[in-house]
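The following note concerns the salt bridges of this model. Please read the points alongside the sequence and the coordinates.

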Amino acid sequence: GIQAAISFYRRALQQRKLSRALRADLHHQLAWLRLVGADAVGAERHARAMLRLARGGGVAAEAAAAATLSHVTVVRGRPVPRRLLKRAMSLNDTISRERPWAWSETSPTMLEGVALLWAGELEEARAPLEEMHRTATE
């Protein structure tokens, strides 16, 4: 279950000589596991660590980190972090059509749409959600 996966990734983080990219990815996994497990505070802690580690480690990783932290921020009931979300989308626009995320549900575009939707900003959420719909139905 979720707790077993969290334990697995936490043990992995304790390993020595992990690259920044691998550490960022482990925090990414932990952020999502914490969020799914109803621990938004823990999710935010891992999303912040992911963003810190992803800086300078590649456009895709930094875009995913900024989008994930934006999403977690809104889940915690805070206002949409506009600058961070804009950074995520700017980075996302520079990535080729080959996306590094396993599921479209965790792409920066989808997270932008969901964050705006959950914040009640329906008109702004429309464009990214429609883009994801087009991508999903192609």
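1. R48 and E44 form a salt bridge, with N and O 2.9 Å apart; the term denotes a side-chain nitrogen of Lys or Arg within 4 Å of a carboxyl oxygen of Asp or Glu. Both residues belong to helix α3 (residues 40-54) and sit four residues apart, about one turn of the helix. Helices are DSSP runs (H or I, at least four residues), numbered from the N terminus.

2. The model is predicted: local features need pLDDT of at least 70 and side-chain atom pairs count only at pLDDT 80 or more, while totals for chains, interfaces and linings use all residues. Residues are numbered from 1 along each chain as its sequence is written, and side-chain values use heavy atoms, with hydrogens and water left out.

3. E44 also pairs with R76 in a salt bridge at 2.3 Å, N to O. This contact links distant parts of the chain, 32 residues apart: E44 lies in helix α3 and R76 in the loop between α4 (59-75) and α5 (82-93).

4. A salt bridge also joins R78 to E44, with the closest N and O atoms 2.7 Å apart. Here the separation is 34 residues, R78 being in the loop between α4 and α5 and E44 in helix α3.

5. Is E44 buried or exposed? E44 is buried, at 7% relative accessibility (buried means under 20% relative accessible area, exposed over 50%, partly exposed in between; 1.4 Å probe, protein chains only). Its partners R48, at 43%, R76, at 32%, and R78, at 34%, are partly exposed.

6. E44, R48, R76 and R78 are thus joined in a network of salt bridges. By the same rule, the count comes to nine salt bridges.

Terms used: Helix = DSSP H or I, 4+ residues; strand = E, 2+ residues; numbered from the N terminus.
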